Amino acid sequence: MDAATYLAGLPAFLSYFGVAIALLLAFAFIYAWATPHHEFTLIRENKPAASIAFGGSLIGFVLPLYSAISNSVSLVDCLLWGLVALLIQLLTFMALRIFIRDLPQRIARDEIASGVFSASAAISVGVLNAACMTW
């Protein structure tokens, strides 16, 4: 096979990868904006709880995004399911605040247990979300 045959899928790869990176950046900024604590500031201040919680939310978002990419029938389909994943992760954090009302303040105070719990919940919901995106 020649190089052109091997690179035939490159445009599709670049399209899906570009959409995935755009969704990831959008998620990161929307999530940081929607949560009362300031993740980027706390992370710059070397607060592990914020880094753990934010990292878990990123993983929780990327897992269903992976599933959306793997199972989509088009780039638009992938984008729409990526937006569903984004919404689910935002709702997950809001739901966590029902159980731990002062969760953002605990993360801001660098309470590691709150950061780990938030990350674990985000990843758990992300895995379930990803599993539901296999059709």
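In what order do the elements of the chain run from the N terminus on? They go α-α-α-α-α-α-α. Keep in mind that this is a predicted model.

## The chain as a whole

You're looking at 7 helices and 0 strands. Of the chain's 135 residues, 36% count as buried. Along the principal axes, the C-alpha atoms fill a box of roughly 55 × 30 × 20 Å.

How do the contacts spread along the sequence? If you take contacts between residues at least 6 apart in sequence, 74% of them join residues at least 24 apart. As for the outside, the chain exposes about 7,700 Å², and carbon and sulfur atoms supply 73% of that area.

## The core

The largest nonpolar core has 22 residues, and the members that touch the most other members are Y31, F61 and I107. Helix 2, helix 4 (48-71), helix 5 (75-99) and helix 6 (103-108) each chip in at least two residues to this core.

Y31 is a good place to zoom in. Leaving out residues up to four places away in sequence, Y31 touches E39, F54, S57, Q89, L90, F93 and S118.

## After helix 2

Now have a look at T35, which sits in the loop between helix 2 and helix 3 (39-44). Is T35 buried or exposed? The relative accessible area of T35 is just 5%, so this residue counts as buried, the cut-off being under 20%.

T35 also has a polar partner: a polar atom of its side chain lies 3.4 Å from the backbone oxygen of A32.

## A nonpolar patch on the surface

Which residues form a nonpolar patch on the surface? The members are M1, Y6, L7, L10, F13, L14, F17, I21, L25, F29 and F40, and together they have about 1,200 Å² of accessible area. Helix 2 (residues 10-34) gives the most to this patch, with 7 residues. Helix 2 also turns up among the helices that each supply at least two residues of the largest nonpolar core, so to speak working both jobs.

M1, one of the patch members, is found in the segment before helix 1 (3-6). M1 counts as exposed because its relative accessibility is 78%, and the bar for exposed is over 50%. That puts M1 on the other side of the scale from T35, which is buried at 5%.

Key
Residues numbered from 1 in each chain as written. Predicted model: local features only at pLDDT ≥ 70, side-chain atom pairs only at ≥ 80, totals over all residues. Heavy atoms only, no water. Patch = residues over 30% accessible without salt bridge, like charges linked within 9 Å, V, L, I, M, F, W, Y side chains within 5 Å. Areas by Shrake-Rupley, 256 points an atom, 1.4 Å probe, with all protein chains shown as cover. Salt bridge = Lys/Arg side-chain N within 4 Å of Asp/Glu carboxyl O. Helix = DSSP H or I, 4+ residues; strand = E, 2+ residues; numbered from the N terminus. Buried < 20%, exposed > 50% of the residue type's maximum accessible area, 1.4 Å probe, protein only. Core = buried A, V, L, I, M, F, W, Y, C linked by side-chain atoms within 4.5 Å. Contact = heavy atoms within 4.5 Å. Polar contact = N/O pair within 3.5 Å; in protein donor to acceptor, adjacent residues only side chain to side chain.
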